[in-house]
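This report describes a two-chain structure for a reader at the bench. It begins with confidence, continues with the chains as wholes and the interface, and ends with selected helices and strands.

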Amino acid sequence: MESIAAISLTPNVAAPAPAPAAHAATAVSHFTLENGMEVVVIPDNRTPVVTHMVWYKNGAADDPLGKSGIAHFLEHLMFKGTKANPQGAFSNHIAELGGQENAFTSYDYTAYFQRIGKEHLATLMRFEADRMHNLVLTDEVVLPERDVVLEERRMRTDNDPSAQLDEAVQAALFSHHPYGTPIIGWKHEIETLSREDALDYYTRFYTPENAILIVAGDVEPHEVLALANETYGAIPARAEPPARRRPKEPPPRAERRVTLSDEKVEQPAHERLFTVPSYATAEPGEAEALEVLAHVLGGGPTSVLYETLVEEEKLAVSAGAYYLGSALDDSRLYVFSTPAEGVELETLDAAVDRVLARVAASEPGAEALQRAKTRLIADAVYAQDSQVALARWYGEALATGLSVKDVASWSDRIDAVTAQDVRKAARKWLDKKRSVTGFLLPVTNAAA
Amino acid sequence: MTAHNVVAAPKSRAEHVQKVSASCGVEAWLVESYAVPLISLEFSVRGGASQDPAGKEGLANLLAGTLDEGAGDLDSRAFHRAIEDLAIHLGFNADADSLSGHFQTLSRNAPQAFQLFAQALNAPRFDEDAVERVRGQIAAGLKREAFDPETMAGKAFRKAAFAGHAYARPTRGELSTVESLSRRDLGALRARVFARDNIKIAVVGAIDAATLASRLDALLSGWADKADLVATPDTEIASVGARKVVDLDVPQATLRFGRPGLAKADPDYFAAVTVNHILGGGAFTSRLFNEVREKRGLAYSVYSQLHEYDHCPALLGAAATKNERAGETLDVIEAQCRELSEAGPSAEELDKAKKFLIGSYALRFDTSTKIASQLVRIQLDGYDPSYLDERNRRIEAVTLEDAKRAAKRLLGDGRLLVAAVGRPEGIASRG
C-alpha cells in the first residue's frame, strides 16, 4: 500500500519504517521531568551508537482550519536556526560529529531525530532543547522553504495520479475529521502559509509538556535522565499541555466510490478503506482483533485475499490488507488489489466483496490464526535488532495516547485474540457503509 | 562474546569477523552475537541483469522473484505457509550486476528455517502457475511505472549513458521480453550463476562457526564449482553534455544527471568520495542542498552520489523542480560542478566532510542485516575484513591537494549528461 503514514524532511535519508505494532521489552525506563516532558530510555548495548528523538504530540490533524500543511511546514522551518545557533549550525555540527538526522510529520505527531556516536548525546540534547523554545524565523528563510514544500507536494502528489486518488479517497472517508486532509496540506493553502502562522503554531505546541524524549542505544537510563534534566528540564513549563480539539467524524452511513481516470495510468488499481477504531479509541481487545484480522485477511502470500483473488480466482496479481492502528482518533483499515490483465475493476470489486463477506461470516481456521499471530509476534522480536524501530514504536505509541505498559503487553494481547474475536471484528467493522472504494483507471474512449 | 561490537571503533572492527570455511569450499564471514535471538544472512552472486540474454531482459529479476515460489516437495502455497509458520524473512533481488538474497530467522527455528532456505536455493520448482503469477506481478509493476517520471528519467538516462551496453537495458525487462521468459530460461540462468566460486556470503547473529560451516554445506554443496558468466565489458558514461527531454504532462520536471566517476581501485577514489560529499552528499550540508534547495527553494530533492556499477564508475544525481524553473535549476547545478572542479573544496569543507564520513561509518553497522550487507559488499569489492578498519584511515589520509585533484578529475568542465521528464522550460534535447 502506498499510503503515506508520515512524510519526512528529506527524500534521501530514509525515515524509519512505520511500526507494524509494538515490542515486549523489559528494560525500558520511563520518567517525567518536572516541566512535564516525558522521557523513555531503551537500552541497546550492542554498538556504541545512540538514537535520539523528540516527539511533539501534534500533527497535521491539529492544523487550524484553512491552514492545512502548517504542522509539516513548521517541521521544515525547525531547521532554520535560533539566536544561539543560527541557520545550519545544528545540522553542520551533527554532520561534523558523524551523525545523521531527519524529521517527519504525521497526523498525530511531529518528530525530530538523530543517530550518532553515544558520546555526542549531550550535545544533541542541548541543540534540540534550544530549538524547542528559541526558534527564529524571518521571511528570508520562510518563503524559499515554502517553495520547497510546494516542490515536495508536486513530487509526491501532483506528478502522480495514484497519489491524487489516495488524497480523494481519504477526503471522502473523513468528511469532517482532519484525517481527510493531506498531511502536506492542500496546495492553495500551503501557498498562503506565513511566518506568523508558523510561529503561532510553534508557540502553541512546542512546549516541554507536549513533548516526549526517546533515547535508544548504548546508554544508562539515569545518565540520560540527568542530561535531560540539564537540557530539556531547564525549559520552563508553560501551562497545561495544549488540547487537541478535533471535530469528530459522524457515523458513516453511505458507501462511497471515488474514481480517478488519467492518461498517465497504464495499470488499474483497486483500494477500499474502512474507518475503524485505533488502539487509542477501541474497546479492550478490539484493536488487537483488527490487527490479527488485517493479517489473516491480507498480510502476505498466505492471506485470504492473496490465496483467493491471486492464486485461486486469478482475478488479481496482488492483494492485501493493512490496519493503521496507531492513531489518536478512529483510524482506517486498507484493502488493496491490482487486477490481473483483462479483469475489469467492477469484477474485482465484486470479488473483494465476496472475500470480505466470507471473513465476516466464518471464523479463520486454527492454522491461519496461529500463523498470523506467530508472524505478528515474531516481528516484535525482529524489531529488537533495530534501535530506530524500537524508538519509533515507543514514540508513536506515546504520541497517540498509549502507555509504555501498553507497548510491553502488546505481544500477549495479540496472542490472546481468538478466532471468534476476529470474526466479530470483521462483521462489525468491515461494513461497506463504513468504506470508500477507490478505482484508478486509464482514460478510455468508450463512455464508461 | 555477547555483543557484536563490530562497530567498536577506534579499536578494530575487523577482529570481530570470523572467516568460516565450509568443506564445500565456500568461505563465509561471520559476526557471532547472542544479544538478540536472531540469525541474519545476506549473500550475493555475480550475474544480475547483465547476464540476461538479448531479448530476455528481466530474466534475473524473474529468477529472483520465483526462487521462493515453491521448492522440493512444497508447491508455492505450501512453501509460503511453511515460511510464515516459522516467521522467516526470505527474499531475493536482482540488480544490474548481481543477484542477492536476504534470510533472517529466529534462532530457535534455525534448523527448519535453514532447510527451507536450502530448498529455495537448490530445488526451486518454477511451477507453471507460480511463474505466471510472478510474471503478472512484474508486468503490473512495469505498467504502474510506465508514466512514472522518476522511472522514465532513469530509463532515458541509462539509454543515453550506456548505449549498446548491458547497463542500458532495463533490469526488470520490458513487457514483451518478460512475456517471452520460460521455465527453461530460469533453470538455465540459475545453473550458470549459482556456483560456489561466485558467491559472497555473510552471517550475523546467534550461530557459531562450526554450526555455520555445516549449514553452508547443506546450502551450497549441490552448487556447481564454477559459474559460467558472460563477461560484462567496462564502460563509461557517454554523451556528457547531452540533454534528453521526455515529454510528459506533469507540473514538475524530474532531472537525472551524471558524468563518469572514479573506480574504487583508483588511488583518488577516497578523495572523490569526499568531493562528492561536499557537492551533493549528506542530508543538509552539501553545496547542491544549500544552493538549490536552501537558498532558492528550487527543489525538495537534490543530491549526487558515486554509483557502484561493477563495470562503470559513475557520478549520478537527481533533482525535481517545477517546469518553469527547470532550466534555472540545471544552471545552478552545473555551475556548482564547475566551481568545485575549478577551485576545489576549501580546507574547512574537506575537514567537515572527512569528519562526517569517518564518524558516520559506525551507523552502517547498527543492525544485523546492515552489518551482513556491508560484509557482503566488502567481499564483492575484493577486500579483506581489514578494510573495516582501513576505510576510515583512507578517508583520514585525503589531503586538500588530493581533494582538489579528485574534484578536477571527477567534475572536469562541469558538463553533465541530463535526462529530464516533464515539460521543463529552458532545457531542450540536444546531443
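Chain A has an average pLDDT of 93, and 94% of the residues score at least 70. The model is a predicted one, and one segment calls for caution: over residues 12-25 of chain A, pLDDT stays under 50. For that segment the model has 44 contacts beyond four places in sequence.

**The two chains as wholes**

Chain A contains 16 helices and twelve strands. Its radius of gyration is 22 Å, close to the 22 Å that the globule rule gives for 448 residues, so chain A is as compact as a globular protein of that length. Chain B contains 15 helices and eleven strands. The radius of gyration of chain B is 23 Å, close to the 22 Å given by the globule rule for 431 residues, so chain B is likewise as compact as a globular protein of its length. The table sets out further values for each chain.

| Chain | Span of the C-alpha trace along the principal axes | Buried residues | Share of contacts (separation of 6 or more) from residues 24 or more positions apart |
|---|---|---|---|
| Chain A | about 65 × 50 × 40 Å | 56% of 448 residues | 81% |
| Chain B | about 60 × 55 × 35 Å | 56% of 431 residues | 83% |

**The interface between the chains**

How many residues of chain A are in contact with chain B? There are 56 of them, and they meet 56 residues of chain B. On the side of chain A that touches chain B, the elements giving two or more residues are helix 2 (89-96), strand 5 (100-105), strand 6 (110-117), helix 4 (139-158), helix 10 (304-312), strand 10 (316-324) and helix 12 of chain A. Helix 4 of chain A gives the most, with nine residues. By residue class, this side of chain A divides into 17 nonpolar, 21 polar and 18 charged residues.

Helix 4 of chain A also appears in the surroundings of helix 10 (residues 287-294) of chain B. Helix 10 of chain B is mostly covered, with six of its eight residues buried. These buried residues are B:R287, B:L288, B:F289, B:V292, B:R293 and B:E294. They pack against helix 4 of chain A and, within chain B, against helix 9 (269-280), strand 9 (302-309), strand 10 (312-322) and helix 11 (326-343).

**Helix 12 of chain A**

Helix 12 of chain A covers residues 366-382 and has 17 residues. From its first C-alpha to its last it reaches 24 Å, close to the 24 Å expected at 1.5 Å a residue. Its buried residues are A:A368, A:R371, A:A372, A:K373, A:R375, A:L376, A:A378, A:A380 and A:Y382. In chain A these residues pack against helix 9 (286-298) and helix 15 (410-415). In chain B they pack against strand 3 (38-46), helix 2 (76-85) and strand 5 (98-106).

**Strand 10 of chain A**

Strand 10 of chain A, which also contributes to the side that touches chain B, is mostly covered: nine of its nine residues are buried. Eight bridges join strand 10 of chain A to strand 11 (residues 331-339) of chain A, and the two strands run antiparallel. Within this pairing, A:S318 stands opposite A:T338 of strand 11. A hairpin of six residues connects strand 10 of chain A to strand 11 of chain A.

**Strand 6 of chain B**

Why can strand 6 (residues 199-205) of chain B be described as largely enclosed by the rest of the structure? Seven of its seven residues are buried, so the strand is largely enclosed. In a regular strand, side chains alternate between the two faces of the sheet. In strand 6 of chain B, both faces are covered: B:I199, B:I201, B:V203 and B:G205 are buried on one side, and B:K200, B:A202 and B:V204 on the other.

Strand 6 of chain B pairs with two strands described here. Strand 2 (residues 27-32) of chain B runs parallel to strand 6 of chain B and is joined to it by five bridges. Strand 3 of chain B runs antiparallel to strand 6 of chain B, and seven bridges join the two. B:A202 takes part in both pairings: B:A202 is the bridge partner of B:W29 and also of B:E42.

Notes
Residues are numbered from 1 along each chain as its sequence is written. Chains are lettered from A and ligands numbered from 1 in the order in which they are written. This is a predicted model: local features need pLDDT of at least 70, side-chain atom pairs count only at pLDDT 80 or more; totals for chains, interfaces and linings use all residues. Helices (H or I, at least four residues) and strands (E, at least two) are DSSP runs, numbered from the N terminus. The expected span of a helix is 1.5 Å times one less than its number of residues. A residue is buried if 20 or more other C-beta atoms lie within 10 Å of its own, exposed if 12 or fewer, and partly exposed in between; C-beta atoms are placed from the backbone. Two residues are in contact if their C-beta atoms, placed from the backbone, lie within 7 Å. Ala, Val, Leu, Ile, Met, Phe, Trp, Tyr, Cys and Pro count as nonpolar, Asp, Glu, Lys and Arg as charged, and the others, Gly among them, as polar. pLDDT is the predictor's confidence in each residue, from 0 to 100. The radius of gyration is taken over C-alpha atoms; the globule rule is 2.2 Å times the number of residues to the power 0.38. Two strands pair if DSSP finds at least two bridges between them.
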